[in-house]
Amino acid sequence: MKIFNRQDFTEELGRRGKRVKLSLSPENLDDLWHLFNIISRGDEIQARTTRMVKAESKDGRPTKGRRVPVVLQLRVEDAFFDGESERLRIRGVIVDAPEELSVKGSYHSIDVKVNTCFSIIKEQWMGHQIDRLERASRIETQPIIVIALDDSEFCTAILRNYGFDIKSQHEEKLPGKMEPERREQALNERLKLMARSLFEAWRAEKGAIVIVGPGYIKDVFKNYLKDRNPELSNAVSKVATVSSPGIAGLNEALRSGVLNEVAREIRANIEATYVEEVLRRLGQKRADVTYGMEDSKVAAEIGAVERLLVTDLTIRRME
């Protein structure tokens with residue numbers, strides 16, 4: 001995340017009652033996710049966008065509209081994160097625009113994409129929002145490409161700060177061992193398909209690759225890459241065993257700590273570790289863990305909180 005006026009931003013935060021404007025630019029999909037969780041209803045967003053403008057002809061009839069570039073300022077009503085199309089859509093009411101457009105008070109949507117420069121204006125910046133921006137601007141972690149596979153299915157995904165970004169899935173059981181020729185042919189086709197899927201994900205990110213799965217196919221696939229695609233093979237950081245393929249295998253690898261060494265700095269991995277510890281304590285029926293709003297509030301009031309976990313969705317609902 002690029003923050004353009006970081007010094008002014010820090011100085012302005014000390015002035016109570018003064019609105020603070022921060023100009024920035026997201027550099028990757030994780031940054032868009034962070035911004036989705038930072039931008040709140042009632043904030044104002046200023047960005048260059050395009051607006052459909054309709055002019056009247058000399059006889060007073062409306063003419064065909066045309067889209068013009070313009071800088072608009074919106075008061076935010078909704079924000080939507082779309083990981084598939086890699087954009088953050090912000091919808092709100094126009095509060096500032098060139099007078100000749102006569103669009104103040106109208107609704108407009110701005111699409112923030114990677115490398116889009118825009119500004120956020122808040123009445124008050126919360127501590128967790130500032131910390132999140134600071135971390136996003138300071139930490140540069142390479143996403144990890146993970147493939148979870150066996151002889152019946154595979155799933156290729158990129159582990160980002162907000163979780164898994166699924167890139168491809170395929171489910172089709174190989175012929176049984178009683179049909180060795182058909183099985184070998186089908187396995188070769190599957191290995192090609194998995195290698196192509198993995199390469200497409202890796203080509204865009206050039207991060208470390210982790211192969212996980214329940215059986216021997218993961219080792220067969222590793223050797224296949226070594227023989228057929230040395231570039232991908234050299235990027236493989238870890239091969240590990242999980243009990244399931246597909247999405248279930250991805251989530252198990254994240255929860256169980258398989259990705260810890262490779263994903264040490266990735267937020268989703270850190271959060272999964274905390275959640276796993278909570279579930280472990282609950283499973284043991286220990287007295288040093290609780291959940292829910294009321295019980296957590298009581299624990300906080302008596303100073304018994306070691307670590308408090310709050311979901312992004314809960315924070316957004318409280319705004």
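How many bridges join S11 to strand S12 (residues 236–241)? The answer is in View 3. This is a predicted model, where local features need pLDDT of at least 70, side-chain atom pairs count only at pLDDT 80 or more, and totals for chains, interfaces and linings use all residues. Residues are numbered from 1 along each chain as its sequence is written, and side-chain values use heavy atoms, leaving out hydrogens and water.

**View 1. An open sheet of 7 strands follows the order S1-S2-S7-S3-S4-S5-S6, with antiparallel pairing.** Strands are DSSP runs of E, at least two residues, numbered from the N terminus, and two of them pair if DSSP finds at least two bridges between them. At the edges lie S1 (2–3) and S6 (107–113), each pairing on one side only. S1 meets S2 (residues 20–25) through 2 antiparallel bridges, and Ile-3 has Leu-24 as its bridge partner in S2.

**View 2. Here we look at Glu-44, found in strand S3 (residues 44–53).** Glu-44 is buried (under 20% relative accessible area, 1.4 Å probe, protein chains only), at 9%. Its contacts (heavy atoms within 4.5 Å) beyond four places in sequence include Arg-19, Leu-74 and Ile-120.

**View 3. Strand S11 (residues 209–213) is mostly covered, with 5 of its 5 residues buried.** In a regular strand the side chains alternate between the two faces of the sheet. Ile-209, Ile-211 and Gly-213 point one way from S11, while Val-210 and Val-212 point the other way. S11 runs parallel to S8 (residues 144–149), joined by 4 bridges, and parallel to S12, joined by 5 bridges. Val-212 stands opposite Ala-148 of S8 and also opposite Ala-240 in S12.

Technical notes:
Buried < 20%, exposed > 50% of the residue type's maximum accessible area, 1.4 Å probe, protein only.
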